[in-house]
Amino acid sequence: MTTTTATAAAVLREPKVEIGRYQGLRSANSLALTAGGRHVTLFNASSRSSSLIRAVSTPAKPETVTKRSKVEIFKEQSNFIRYPLNEEILTDTPNINEAATQLIKFHGSYQQYNRDERGGRSYSFMLRTKNPCGKVSNQLYLTMDDLADQFGIGTLRLTTRQTFQLHGVLKKDLKTVMSSIIRSMGSTLGACGDLNRNVLAPAAPLLRKDYLFAQKTAENIAALLTPQSGFYYDVWVDGEQFLTAEPPEVTKVRNDNSNGKTFTDSPEPIYGTQFLPRKFKIAVTVPTDNSVDILTNDIGVVVVTDDNGEPQGFNIYVGGGMGRTHRLESTFARLAEPLGYVPKEDILKAIKSIVEVQRDHGRRDDRKYSRMKYLISDWGIEKFRRELEDNYYQKKFEPFRKLPEWEFKSYLGWHEQGDGSLFCGLHVDNGRIGGKMKKALREVISKYNLSIRLTPNQNIILCDIRNAWKRPITTTLAQAGLLHPRYVDPLNQTAMACPAFPLCPLAITEAERGIPDILKRVRAVFEKVGLKYNESVVIRVTGCPNGCARPYMAELGLVGDGPNSYQIWLGGTPNQTSIAKTFMNKVKVQDLEKVFEPLFYHWKRKRQAKESFGDFTIRMGFEKLQVLVDKWEGPEVAPTRYNLKLFADKETYEAVDELAKLQGKSAHQLAMEVIRNFVASQQNGKSE
């Protein structure tokens, strides 16, 4: 498929689409007005009957003018996301106006300013790439590394959706940076804005049929839902065309209008002039692998195979989403729920149909309620499925196929790819690559010509490594602090945080800058209450309730709730299949131990066999936990018991154990005798 610049004629052919509060979009062949509370069809260009979309909720009173959010007006007047951005980026001011600020999101950028500075605003832009499955070519990685130094703040940020974020780009440098990314076969198109965002898939480069099929499907979905009107290339590379190969089945499904819902005369056949009501997120994975947080997406797609491992079709989940507003109960985080099963040849049609339902029925009056999770919560899954089957997908969804238990997979450390090569997963605290780490990664990636995968847990995977390269690569990385996972604190391995201060305009308190100290304090509490080093809890921190680091899936979530304070969420699970609940509000950062200590202490003492912290908090109940926190006076320390680790390695233990058996003792008893005798001899020596 060739992405071309939209012509003026194509724009003129696009009919005016009136977006009512709940009335939705019509097909490109139908033009309608609302008069006196009734839908009146003025013109229908085809002989095909046009079914108008009816109210989802209580319709507006006849005398009430239909309300739309300001962003809907900006989109309508933008000539497909061009104006006034194309003019604003050419002015001498360091920032762009309100309309352009909304439109540049569709191009993959946010306008920001440094909130640490006082007395004025220093504007800059954050750019976010689009990397389906987290795949990054060698050339693109090296380009992003260069751009961070030349035009950014000297660091790269790995996101929770398998992309890069580049912070600190000045307006005067935007075209240079954007064009550099594009010419390195990268893109930022649709990384933000009211359209499909980056499509997630397991990052592991495993040569397995199910993984390869999941990744290919994610790439096809990303291609299907990529904007087609050329606005991105018009603005950043002056309309230069970049040819991209696209599977014919993607093009066929995009242009198919068998359900009458495609804008056939528009340069945007799926999105139309108005695009979607809000952001839209999709993830694809295989059974058991929940590295993608599958239930947090608008659509979750799971490969289903036969007994021989051959992909047959997909289970589809719908309606997940994290964002919410503090103390506004009508906003909420929500888990996706099962929709049904489709055979593999129908997956693209099913995805397109779901997107079209959200496009036509999602709320456009109040952006707090515009995500698809609110539509499904309002309708219920049965009505949502029925609308899809009757008017969009036009087939019945088959029953959901049974799936095994989900597991969180990090892919850290060294692994076989299955083709004779290795891959190495590296933990990156909060996804921030800078300093020695950045230099070492560039050296290794450049020297060995490696390709890259980014993970949804803000980590990086180096791919296609020959066995002979393992030792020198390990040495170079270790010298820069990129260690084998056994040397990384288990708490850090599963923790995540959003950037928050100083650049995010939505941040209420610290997240990325605050989580290192928070994790150290949690580790200290673990030691104080007697929890072992290898025991861990999934901790996620965000600076505001929008939930970019998915804190509502964590066992312990900290959500910015005021200056230097957090709302505490409990009850997620290690495999990210349960949503947490609010436990406490406005806990000051200096008072976190007052909550952590009693919770972790009683988890150690009262948990069931192999019971995770999240499951423990749900079983105990929040009322009981609150009493334990309120009455906490510190852990009970038995004077005769100490948490001593006597043996540093297996070999020492076995040697002592062999000697102990000769004396009819345990290794621990013998070791304690030796230690006591040594201490006594030292004390006697001092007294003499």
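Here are some exercises with worked solutions on this predicted model.

**Exercise 1. Get an overview of the chain.**
How many helices and strands does the chain have, and what percentage of its residues is buried?

*Solution.*
Step 1: Begin with the elements. The chain has 21 helices and 21 strands.
Step 2: Turn to burial. Of the 688 residues, 57% are buried.
Step 3: Look at the exposed surface. The chain exposes about 30100 Å², and carbon and sulfur atoms supply 51% of that area.
Step 4: Ask how far apart the touching residues lie in sequence. Among contacts with a separation of 6 or more, 68% are between residues 24 or more positions apart.

**Exercise 2. Describe a pair of helices.**
At roughly what angle do the axes of α9 and α10 cross, and which residues meet there?

*Solution.*
Step 1: Recall the general idea. Two packed helices are described by the angle between their axes and the distance between the axes.
Step 2: Find the helices. Helix α9 covers residues 248-255 and helix α10 covers residues 347-361.
Step 3: Give the geometry. Their axes come within 10 Å and cross at roughly 35 degrees, and the crossing is right-handed.
Step 4: List the residues. From α9 come E249, V250, V253 and R254, which meet L348, K349 and K352 of α10.
Step 5: Sort these residues by type. Three are nonpolar, four are charged and none is polar.

**Exercise 3. Walk across a sheet.**
In what order do the strands lie in the open sheet that contains β13, and which strands are at the edges?

*Solution.*
Step 1: Remember how sheets are held together. Strands of a sheet pair through backbone hydrogen bonds, either parallel or antiparallel.
Step 2: Read off the order. The five strands run β5-β15-β16-β13-β12, with antiparallel pairing.
Step 3: Name the edges. β5 (135-136) and β12 (413-416) each pair on one side only.
Step 4: Check the pairs. Two bridges join β5 to β15 (residues 452-454), and V136 stands opposite I452 of β15. Four bridges link β12 with β13, and four bridges link β13 with β16.
Step 5: Follow one residue sideways. C424 of β13 stands opposite W414, and its bridge partner in β16 is L462.
Step 6: Visit the hairpin. Five residues lie between β12 and β13, and in this hairpin G418 takes a positive phi near 105 degrees.
Step 7: Add the helix. α14 (residues 470-479) packs on the sheet and touches β12, β13 and β16; its direction makes about 155 degrees with that of β12.

**Exercise 4. Explain the surroundings of β13.**
Why is β13 described as largely enclosed by the rest of the structure?

*Solution.*
Step 1: Use the cut-off: a residue is buried when its relative accessible area is under 20%.
Step 2: Apply it to the strand. Five of the five residues of β13 are buried, so the strand is largely enclosed by the rest of the structure.
Step 3: Recall the usual pattern. In a regular strand the side chains alternate between the two faces of the sheet.
Step 4: See it here. L422, C424 and L426 point one way from β13, while F423 and G425 point the other way.
Step 5: Zoom in on F423. Its relative accessible area is 1%, so F423 counts as buried. Leaving out residues up to four places away in sequence, F423 touches several residues, including A204, P205, Y411, W414 and I461. The C-alpha atoms of F423 and Y411 are separated by 9.0 Å, and the two residues are twelve apart along the chain.

**Exercise 5. Inspect special backbone spots.**
Which peptide bond leading to P84 is cis, and is N430 buried or exposed?

*Solution.*
Step 1: Take the proline. The bond from Y83 to P84 is cis, with omega near 5 degrees, and P84 lies in the loop between α2 and α3.
Step 2: Meet another cis bond. From F501 to P502, omega is near 10 degrees, and P502 sits in the loop between β17 and α16.
Step 3: Now N430. This residue is not a glycine, yet its phi is positive, about 60 degrees. N430 is in the loop between β13 and β14.
Step 4: Decide on burial. N430 has 9% relative accessibility, so it counts as buried.
Step 5: Try Q576 likewise. Its phi is near 55 degrees, and at 2% relative accessibility Q576 also counts as buried.

Conventions. Residues numbered from 1 in each chain as written. Predicted model: local features only at pLDDT ≥ 70, side-chain atom pairs only at ≥ 80, totals over all residues. Heavy atoms only, no water. Axes fitted to C-alpha atoms, helices over the stretch in contact; angles between N-to-C directions. Left-handed = near helix turned anticlockwise from the far one by under 90°. Contact = heavy atoms within 4.5 Å. Nonpolar A, V, L, I, M, F, W, Y, C, P; charged D, E, K, R; others polar. Buried < 20%, exposed > 50% of the residue type's maximum accessible area, 1.4 Å probe, protein only. Areas by Shrake-Rupley, 256 points an atom, 1.4 Å probe, with all protein chains shown as cover. Pairing = 2+ DSSP bridges.
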